[in-house]
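Colleague: Could you walk me through one part of this model in detail? I would like to look closely at the aromatic rings and then see what lies around them.

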Amino acid sequence: MKIVVDSSSFFSGFLPDANNEYFTTESVIEEIRGKRMKSEIEMRSTFLKIIAPNSDNILLVKNIAKMTGDIEQLSDTDVEVLALAFQISGSILTNDLAIQNVCRVMKIKYESYKSKEIKNEIIWKYKCEGCGNIYDKNYKECPHCGNNLKKFPVRIKVIR
């Protein structure tokens, strides 16, 4: 089985083994700062392939994450992990709920490592606390009146 591992799984103690084919991106490896964790992952590097996703898949992920409203919660590394999983038709090992939400929409299988999994697929929007205008993305302030925007779900689908 092809499994793409994100940073949150490594931070939770996951280490690749010979049971599956494990993949990640260079940016995930760069996020690992601790010497002990980095050393343990390097010792198991024969079980981990580092691949860069192509730009078309990165763009696809960004567009879908904008549609779901998760783009604000996803780092560039998260986008790369999603793009790589889509590219290799693999699954993702992640504890990140925003990644899991985008996986659901993209039909990418995922599993949580020592953490919870999402129970609902959610599409997010942003509403101005002042004028009530609704936006697809989060701005520092409402473009219309300058008040704060608040994130809210516009569609919730129970998945389990």
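**A cluster of rings and its surroundings**

Modeller: Happy to! Let's begin with a cluster in which ring pairs link Phe 10, Phe 14, Tyr 22 and Tyr 113. Please keep in mind that this is a predicted model. Its protein chain has an average pLDDT of 89, and 96% of the residues score at least 70. Confidence is highest in helix H5, at a mean of 98, and lowest in strand E8 (residues 149-158), at 81.

Now, how many aromatic pairs are there? The count comes to four. One of them joins Phe 14 to Tyr 113: the ring centres are 5.4 Å apart and the planes meet at 80 degrees, an edge-to-face arrangement. Where do these two partners sit along the chain? Phe 14 is in the loop between helix H1 (7-11) and strand E2 (21-24), while Tyr 113 is in the loop between strand E5 (110-111) and strand E6 (120-128). The pair therefore ties together parts that are 99 residues apart in sequence. Is Phe 14 buried or exposed? Phe 14 has a relative accessible area of 8%, so this residue counts as buried.

Another ring pair is Tyr 135 with Tyr 139. Their centres are 5.5 Å apart and their planes lie at 85 degrees, so this pair is edge-to-face. Tyr 135 is buried, with 16% relative accessible area, whereas Tyr 139 is partly exposed at 33%. A ring can also have a charged neighbour: Lys 151 lies over the face of Trp 124, 4.2 Å from the ring centre.

Next, let's follow Phe 10 from the ring cluster into the nonpolar core. The largest core has 35 residues, and those touching the most other members are Val 4, Phe 10, Leu 74, Leu 82 and Ile 92. Several elements each supply at least two residues of this core, among them strand E1 (2-5), helix H2 (26-31), helix H4 (55-68) and strand E4 (91-93). Helix H5 (76-88) is also on that list, and H5 gives the most, with seven residues. For a close-up, try Leu 82. Leaving out residues up to four places away in sequence, Leu 82 touches Val 61, Leu 74, Ile 92, Ile 99, Val 102, Cys 103 and Ile 108. There is also a second, separate core of five residues, including Tyr 126, Cys 128, Cys 142 and Leu 149.

Those cysteines lead to one more topic. A disulfide is a covalent bond between the sulfur atoms of two cysteines. How many disulfides does the structure hold? The number is zero. Cys 131 is in none, and the nearest cysteine sulfur, that of Cys 142, is 3.7 Å away. Why is Cys 145 not bonded to Cys 128? Their sulfurs are 3.3 Å apart, which is too far for a bond because the cut-off is 2.5 Å. Cys 131 is partly exposed, with a relative accessible area of 33%, and Cys 145 is also partly exposed, at 36%.

Finally, have a look at Arg 104 in helix H6 (residues 97-106). Arg 104 is partly exposed, with a relative accessible area of 24%. The C-alpha atoms of Arg 104 and Gly 69 are 13 Å apart, and the two residues are separated by 35 residues along the chain.

Note on methods:
Residues are numbered from 1 along each chain as its sequence is written. This is a predicted model: local features need pLDDT of at least 70, side-chain atom pairs count only at pLDDT 80 or more; totals for chains, interfaces and linings use all residues. Side-chain values use heavy atoms; hydrogens and water are left out. Helices (H or I, at least four residues) and strands (E, at least two) are DSSP runs, numbered from the N terminus. Buried means under 20% relative accessible area, exposed over 50%, partly exposed in between (1.4 Å probe, protein chains only). Rings of Phe, Tyr and Trp (its six-membered ring) pair if their centres lie within 6.5 Å; planes under 30 degrees apart count as stacked, over 60 as edge-to-face and the rest as tilted. A charge sits over a ring if NZ of Lys or CZ of Arg is within 6 Å of the ring centre and within 35 degrees of the ring normal. A nonpolar core is a set of buried Ala, Val, Leu, Ile, Met, Phe, Trp, Tyr and Cys residues joined through side-chain atoms within 4.5 Å. Contact means heavy atoms within 4.5 Å. pLDDT is the predictor's confidence in each residue, from 0 to 100.
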